Every structure is written in structure tokens, then in C-alpha cells.
Amino acid sequence: MDKPSFYQTHSKFNNNGKPMIYGCCNCLTHLTTTNLVISDRYTGSSGNALLIYKVLNVKVGRSMFRKMTTGDYTVADICCHQCGKVVGWKYLKSSAEDQKFKEGRFILECAYITVVG
Ligand SMILES: [Zn+2]
């Protein structure tokens with residue numbers, strides 16, 4: 001059996017019932033919260049990754065065409081606006097009709113984020 005993913009290993013809410021915050025693993029800048037996670041069943045270049053509704057405090061890079069297992073996409077890398085570390089990417093456009101829900105959504109790679117609060 002696979003070892004539990006980053007997302008599976010911690011609680012999604014703090015003691016006050018508020019969503020937990022994910023930040024950049026390098027400088028702890030806040031990037032998103034657990035209630036904005038759409039799915040944890042994604043894979044990035046570093047391994048396990050999260051599909052996320054909205055990510056804050058990132059710079060969106062140049063758009064590029066990328067072939068993935070689920071189809072062809074126009075994506076752009078996103079990097080932490082504080083330290084510049086690439087933490088994932090944003091889906092800009094999907095060529096497949098059934099993958100359009102990803103447009104405007106974000107991938108954060110679990111290896112590059114950490115729970116900050
Ligand atoms: Zn950072």
C-alpha cells in the first residue's frame with residue numbers, strides 16, 4: 001500500500017474549526033486553505049499534488065502548452081511571490097471538453113508546500 005499523502009496526514013481544520021493554511025515550504029508565505037482543495041489525487045513533477053480552487057500570493061508565469069495523461073492543456077507555472085519558488089501551475093485552458101472544470105484552477109505540489117496554521 002502507498003504511504004499516506006501529505007494531504008491525508010494532517011487535520012483539515014484547526015481547534016477553532018477554521019480551515020488549515022498551506023504555505024510555501026521555503027518562506028511560509030500563505031498560499032491557500034484546506035477548504036479550497038478540490039482533489040488530492042493529482043501528480044506533479046515532484047509526486048503527489050493538490051487541485052485547488054484558488055491560490056493567493058503567487059506570480060503566474062508564461063503560458064505554455066503541456067501534454068498530460070488526461071489531455072492537452074495550456075498552463076502557466078506559479079511561483080511564490082515572496083521567494084520565487086515554483087510551487088505548482090495554473091490551468092489556463094483545456095483542449096478536452098470533460099476537463100474544462102480545471103480551467104482557472106491551480107495545482108500545488110505537496111513537496112513544495114507545508115501546513116502553516
Ligand atoms: Zn516562498
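**A four-cysteine zinc site in an all-strand protein**

The zinc ion sits in a tetrahedral site, with angles of 99 to 116° among its four donor atoms. The model described here is predicted, and the metal site makes a good place to begin. The SG atoms of Cys24, Cys27, Cys80 and Cys83 coordinate the zinc ion, at 2.3 Å. Read along the sequence, these donor residues follow the spacing C-x2-C-x52-C-x2-C. Cys27 belongs to the loop between β1 (21-24) and β2 (30-33), while Cys80 is part of strand β6 (residues 71-80), so this pair ties together parts of the chain that lie 53 residues apart in sequence. The two residues can also be set side by side in terms of accessibility: Cys27 is partly exposed, at 28% relative accessibility, whereas Cys80 is buried, with a relative accessible area of 0%. As for covalent links between cysteines, the structure holds zero disulfides.

Turning to the overall architecture, the protein has nine strands and zero helices. From the N terminus on, its elements therefore read β-β-β-β-β-β-β-β-β. The radius of gyration is 14 Å, which agrees with the value near 13 Å that a compact globule of 117 residues would have. The C-alpha trace spans about 40 × 35 × 25 Å along its principal axes. Of the 117 residues, 38% are buried. Contacts across the sequence are also worth a look: among those between residues at least 6 apart, 43% join residues that are at least 24 apart.

Three residues give a closer view of how these strands and loops meet. The first to consider is Thr32, which is found in strand β2. Thr32 counts as buried, because its relative accessibility is 5%, under the 20% cut-off. Its side chain reaches the backbone oxygen of Lys54 at 2.9 Å. Lys54 also appears among the contacts of Thr32, once neighbours within four places in sequence are left aside; the others are Met20, Ile21, Tyr22, Ile52, Val55 and Leu108.

Phe106, in strand β8, is likewise a buried residue, at 7% relative accessibility. Leaving aside neighbours within four places in sequence, Phe106 is in contact with the run Leu50, Leu51, Ile52, Tyr53, Lys54 and Val55, and with Ile78, Trp89 and Lys90. Ile52, Lys54 and Val55 are thus touched by Thr32 and by Phe106. With respect to the metal site, the C-alpha atom of Phe106 is separated by 14 Å from that of Cys24, and the two residues are 82 apart along the chain.

Glu103 offers a view from a loop, the one between β7 (86-94) and β8 (106-109). This residue is partly exposed, with a relative accessible area of 26%. Not counting residues up to four places away in sequence, Glu103 touches Tyr91, Leu92, Lys93 and Ser94. One of these, Leu92, is eleven residues from Glu103 along the chain, and the C-alpha atoms of the pair are separated by 5.1 Å.

Terms used. Residues numbered from 1 in each chain as written. Predicted model: local features only at pLDDT ≥ 70, side-chain atom pairs only at ≥ 80, totals over all residues. Heavy atoms only, no water. Donors = N, O, S within 2.8 Å, 3.2 Å for Na, K, Ca; no water. Tetrahedral: all angles 85-135°; square planar, octahedral: opposite > 155°, others 65-115°. Helix = DSSP H or I, 4+ residues; strand = E, 2+ residues; numbered from the N terminus. Buried < 20%, exposed > 50% of the residue type's maximum accessible area, 1.4 Å probe, protein only. Polar contact = N/O pair within 3.5 Å; in protein donor to acceptor, adjacent residues only side chain to side chain. Contact = heavy atoms within 4.5 Å. Disulfide = S-S within 2.5 Å. Rg over C-alpha atoms; globule rule 2.2 N^0.38 Å.
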